[in-house]
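Work through the exercises below with the sequence and the model open. Each task is followed by a solution in steps.

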Amino acid sequence: MANLDEPLQKVLGDKTAKVLAKGLDLHTVGDLLHHYPRRHAHRGELTPLNDLQDGEHVTVMAEVVKVQGRSLTRSPGYVLEITVTDGTGELRLSFFGRKGSFVPERDLSPGTRGLFAGKISSYNQRNGKVVRQLAHPQYKVVAASDADRAAREWADEIIPIYPTTKGLDIDAIGKSVGLLLDQIDLGADPMPDDLRRRRGMTDLKSAYEGIHRPKKWRELEVAKDRLKWDEAFVLQIALAQRRLAAAALPAKPRPATPGGLLDAFDERLPFDLTEGQREVGTEIAADLSVEHPMHRLLQGDVGAGKTVVALRAMLQVVDGGGQAALLAPTEVLAQQHYRSITGMLGELAQAGQIGGAEQATRVTLLTGSQGAKARKTALLEAASGSAGIVVGTHALLQDQVQFADLGLVVVDEQHRFGVEQRDALREKVSGGRPHVLVMTATPIPRTVAMTVFGDLETSVLGQLPAGRAQIQTHVVPPEKPAFLARTWERIREEAGQGRQIYIVCPRIGEQEGDEGDVPAAEAEDGPRRSPLGIMELLPRLEGELLAGLRIGVLHGKLHPDEKDAVMRRFAARELDVLLATTVIEVGVDVPNATVMVIMDADRFGVSQLHQLRGRVGRGQLHGLCLLVTDAEPGSKSRERLDAVASTTDGFKLSRLDLEQRREGDVLGAAQAGRSSSLRLLTLQDDEKVILAAREEATALVNADPELAGHPGLAAELAALLDADRTEYLEKT
């Protein structure tokens with residue numbers, strides 16, 4: 001008997017085990033048993049040969065009438081061609097390979113009757129005759145007397161289709177799995193008996209049998225239900241233990257202080273907070289008041305007012321004697337936040353200055369490109385505590401940056417930072433942890449996963465502030481060239497009315513790999529040309545398409561002072577058009593900008609497109625976003641753009657992203673599904689299972705935190721939490 005930890009070579013032999021290890025990273029019996037079929041095929045009803053259609057997956061019963069082999073003329077190799085008939089028509093079976101290597105040649109001699117399954121295709125012979133064929137079909141020889149029963153059984157058989165690797169086809173993997181199932185010893189079921197009975201789940205051995213070699217479709221569904229539950233439940237056990245541990249971590253409470261800086265700020269606000277902003281503010285204020293660290297996601301569409309909510313949280317911490325750090329992904333955004341916050345605070349940000357309010361604090365900016373004098377001043381203000389709010393980029397993470405009493409870390413556009421980077425800021429607090437607030441307009445797939453799995457407390461701003469205009473989004477497709485011509489006309493019309501326009505390209509375009517370029521997208525729709533660069537488009541805009549308009553250029557390789565100067569000119573309406581890379585993706589706020597044109601829009605991710613279009617419609621003027629693409633209708637890229645054009649709901653878009661990229665590893669750093677610990681479970685289909693598992697896991701962990709009474713479950717958890725995942729959980 002073999003157990004789940006048994007090396008595969010002991011059961012399958014060295015040769016097969018080596019192929020499985022090299023090609024599929026499968027090393028133990030448990031690894032192979034968890035290598036589930038990606039789908040299950042059903043051969044279905046028999047199809048008469050005269051009814052065959054190209055592209056159909058069919059099963060036919062026919063008799064072999066001719067067998068011949070021939071060498072290929074244009075490439076080395078050999079093809080075995082077997083002609084079969086059922087009396088209504090003929091079909092050719094083609095097997096490609098080396099001469100003398102064909103088992104079908106021995107099995108399928110003339111007069112043999114058999115069942116054949118595969119996908120129909122056709123080709124034209126030189127004489128003009130159309131030949132229908134099955135390439136490398138599955139087949140089964142049957143005796144004439146047994147034909148009807150054999151046909152029925154073979155057509156009804158459920159066939160597991162496994163992910164394969166070179167040197168092992170689907171059948172070979174299936175046989176290997178069968179060997180394991182015949183001699184596996186799983187021991188006691190790791191799932192608690194009372195839980196299994198209460199939820200009506202099958203046992204684990206039956207679940208493995210049901211997914212790898214089901215006899216009926218119902219058996220397969222029962223098996224999937226159990227195995228999905230196991231994935232959700234063990235993962236929720238890990239997260240429940242983490243929540244329990246996090247609740248025990250110390251953090252300095254920062255309750256609201258009546259008559260403090262926050263109250264003074266609220267009094268000077270020139271607008272009313274939305275109902276959503278007030279509700280979310282109350283949630284965050286309560287979190288900041290307890291002795292354990294807050295870990296909250298603030299999700300709100302572009303323009304929903306996340307910055308005001310975050311600033312109010314920072315002021316509450318400053319009132320409590322602490323400091324707040326706002327971490328931004330780019331210098332452009334950090335400077336924008338600095339100007340925005342100091343502008344909103346006015347005299348409340350002028351501590352120690354003439355005209356500063358009595359309760360005032362100081363706001364400091366810290367970026368990597370600052371001069372030595374400004375940097376030294378910023379470091380001193382952060383370390384001494386004289387700066388209540390420190391706004392910065394990755395420069396905040398450096399070792400020499402110290403805080404007097406860091407109470408709150410606000411991370412803007414959290415998908416732009418890794419866990420290691422966010423963790424570096426938290427380590428700057430001695431004797432406890434700071435509260436953490438992460439903000440985003442479109443959560444990345446892993447963040448969506450974490451909110452569903454229940455590991456992030458979530459606040460949603462679904463309401464736009466009064467006066468914010470709507471944004472219309474349209475795709476400018478290759479099959480309608482007049483739309484592109486109309487794009488340039490519309491830009492001229494808007495500029496003629498005194499409004500401003502962004503044009504965004506994926507690359508700078510001076511050379512491949514320029515800093516700030518969008519990484520090359522996966523070739524999901526076949527070979528592609530190089531993405532358009534702003535330096536390639538600029539001469540066409542100035543000399544032809546937008547001649548006479550004032551055009552500025554902004555990209556990541558410009559000196560920070562140049563970037564700032566360009567942005568200030570655009571904000572002051574000294575430029576009509578800003579031609580840029582994604583450095584304007586977040587934080588840029590110019591209410592007079594009404595049009596966003598994104599060139600090669602299919603080269604950008606869903607989140608980026610949503611962020612970019614949020615740069616327009618920021619005042620009372622309606623916004624227009626045009627997604628220019630050469631992606632053809634029906635392609636994955638085009639489907640993604642059509643979806644972005646259909647909604648401005650950030651959570652809907654993040655779920656679209658989730659469908660295309662999977663959720664990544666909920667327990668690890670991966671942002672795409674390739675490294676996921678989940679094999680069957682998906683957020684799109686199994687949210688109810690996940691929520692039910694969370695409830696059961698929380699109750700079990702509260703009663704037995706170390707799983708002392710559930711050794712089988714503890715072993716499953718240990719197998720899930722390798723060293724990297726354990727470290728990741730500790731950091732996040």
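**Exercise 1.** List the buried residues of helix H11, then state where around the axis they sit and what they pack against.

Solution. The model is a predicted one.
- Step 1: Buried means under 20% relative accessible area. In H11 the buried residues are Gly276, Gln277, Val280, Gly281, Ile284 and Leu288.
- Step 2: These residues lie on the same side of H11, because the arc they cover around the axis is only 125°.
- Step 3: Their packing partners are helix H12 (306–319) and the strands E9 (295–300), E13 (406–412), E14 (435–440) and E15 (457–461).

**Exercise 2.** Check the distance between the end C-alpha atoms of H11 against the expected span.

Solution.
- Step 1: H11 has 14 residues, 275–288, and at 1.5 Å a residue it should span 20 Å.
- Step 2: The end C-alpha atoms are 20 Å apart, which agrees with the expected span.

**Exercise 3.** Give the order of the six strands in the open sheet and find the strands at its edges.

Solution.
- Step 1: The order is E16-E21-E20-E17-E19-E18, with parallel pairing.
- Step 2: Strands E16 (471–476) and E18 (551–554) each have a single partner strand, so each stands at an edge with one side lacking a neighbour in the sheet.
- Step 3: On average, neighbouring strands are turned by 20° against each other, direction ignored.
- Step 4: At one edge, E16 is joined to E21 (residues 623–628) by six bridges, and threonine 473 has cysteine 625 of E21 as its bridge partner.
- Step 5: At the other edge, four bridges join E18 to E19; here glycine 552 is partnered by leucine 578 in E19.
- Step 6: Helix H20 (residues 606–613) lies across E16, E17, E20 and E21, at about 155° to E20.

**Exercise 4.** Sort the residues of strand E19 (residues 577–580) by the way they point, and say whether they are buried or exposed.

Solution.
- Step 1: In a regular strand, side chains alternate between the two faces of the sheet.
- Step 2: Val577 and Leu579 point one way from E19, while Leu578 and Ala580 point the other way. All are buried.
- Step 3: E19 also pairs with E17 over four bridges, in the parallel sense; isoleucine 503 stands opposite leucine 579.

**Exercise 5.** Decide whether glutamate 81 is buried or exposed, and find a polar contact of its side chain.

Solution.
- Step 1: Glutamate 81 belongs to strand E3 (residues 78–85).
- Step 2: Its relative accessible area is 5%, so glutamate 81 is buried.
- Step 3: The side chain of glutamate 81 makes a polar contact with the side chain of arginine 70, at 2.9 Å.
- Step 4: Beyond four places in sequence, glutamate 81 is in contact with residues including Lys66, Arg92 and Tyr123.

Notes
Residues are numbered from 1 along each chain as its sequence is written. This is a predicted model: local features need pLDDT of at least 70, side-chain atom pairs count only at pLDDT 80 or more; totals for chains, interfaces and linings use all residues. Side-chain values use heavy atoms; hydrogens and water are left out. Helices (H or I, at least four residues) and strands (E, at least two) are DSSP runs, numbered from the N terminus. The expected span of a helix is 1.5 Å times one less than its number of residues. Buried means under 20% relative accessible area, exposed over 50%, partly exposed in between (1.4 Å probe, protein chains only). The arc is that of the directions from the helix axis to the C-beta atoms. Contact means heavy atoms within 4.5 Å. Two strands pair if DSSP finds at least two bridges between them. Axes are lines fitted to C-alpha atoms, for helices over the stretch in contact, and angles run from 0 to 180 degrees between N-to-C directions. A polar contact is a pair of N or O atoms within 3.5 Å; within protein, one must be able to donate a hydrogen and the other to accept it, and residues adjacent in sequence count only if both atoms are side-chain atoms.
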